[in-house]
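Let's take a friendly walk through this protein, starting with the overall picture and ending with a couple of backbone details. Please have your viewer ready.

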Amino acid sequence: MKLVRMQRVKLLVFCIGMSVLMFQTGCEGEYYPRPKGYNRIELPAHEYTLLKEEHPYVFEHSSHADIVPHKSANTEPHWIDIKYPDLHASVELTYKPLGDGEKKIEELIVDSHKLKSKHNIKAYAIDESVIQTPKGHTAVIFELEGEVPSQFQFFVTDSTKHFLRGALYFPVATKNDSLAPVIEYVKKDMVHILNTLEWRD
């Protein structure tokens with residue numbers, strides 16, 4: 001009887017000792033919170049095709065995107081959306097013909113800056129760049145950082161006949177840090193639009 005009791009005591013002491021050892025081992029070192037998990041996004045290789053619709057402009061756009069007419073209360077001719085159905089992204093292009101001299105182009109430039117400035121409350125950084133495209137057109141690019149609905153915008157003009165504005169949008173409630181790969185992906189496509197853009201007179 002004593003032998004059985006002694007074996008039970010030894011077993012109990014052994015179990016307590018192992019528990020203490022495991023607790024100490026598990027508490028050694030610093031604790032690091034596990035990073036948040038984000039949905040894995042499969043991004044296809046960049047492939048481009050020439051815009052087929054009849055507009056005063058032509059460019060190469062992503063083969064993975066659909067070209068659809070822009071739909072809003074103030075839609076004008078030649079406004080289109082480049083939609084990425086698998087990425088839940090959309091590039092809205094608004095076109096304005098020039099013809100009223102310098103005043104009209106100045107108004108359009110001011111309007112583009114106003115539309116960009118609407119995001120100032122949520123944007124913690126806005127980078128503005130003026131570039132010359134390979135086709136010789138002047139373009140202004142806005143890159144916005146923060147929880148903004150439009151992270152990349154541009155306008156491009158020949159200063160005499162044509163004015164085109166583009167803006168990237170995501171109609172989904174997702175944090176921009178988790179969308180970063182998609183944002184960079186579509187930004188590359190938007191730069192390709194600028195680099196291949198030609199006006200149709």
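The paragraphs below go from the whole chain down to single residues.

Keep in mind as you look around that this is a predicted model. The protein chain contains three helices and 11 strands. If you trace these elements starting at the N terminus, their order reads α-β-β-β-β-β-β-α-β-β-β-β-α-β.

How much of the chain is buried? Of its 201 residues, 35% fall in that class. Contacts tell you about the chain's connections along the sequence: take those between residues at least 6 apart, and 49% of them join residues at least 24 apart. Turning to the surface, the protein chain exposes about 13200 Å², and 57% of that area is supplied by carbon and sulfur atoms.

Now for the backbone details. Two histidines deserve a visit here, His78 and His88. His78 is not a glycine, yet its phi is positive, at about 70°. To find His78, go to the loop that runs between β4 (66-69) and β5 (80-84). Is His78 buried or partly exposed? Buried would require a relative accessibility under 20%; His78 has 30%, so it counts as partly exposed.

Move along to the loop between β5 and β6 (89-97), and you will meet His88. His88 likewise is a residue other than glycine with a positive phi, in this case near 55°. Its relative accessibility is 47%. Because exposed means over 50%, His88 counts as partly exposed.

Notes
Residues numbered from 1 in each chain as written. Predicted model: local features only at pLDDT ≥ 70, side-chain atom pairs only at ≥ 80, totals over all residues. Heavy atoms only, no water. Helix = DSSP H or I, 4+ residues; strand = E, 2+ residues; numbered from the N terminus. Buried < 20%, exposed > 50% of the residue type's maximum accessible area, 1.4 Å probe, protein only. Contact = heavy atoms within 4.5 Å. Areas by Shrake-Rupley, 256 points an atom, 1.4 Å probe, with all protein chains shown as cover.
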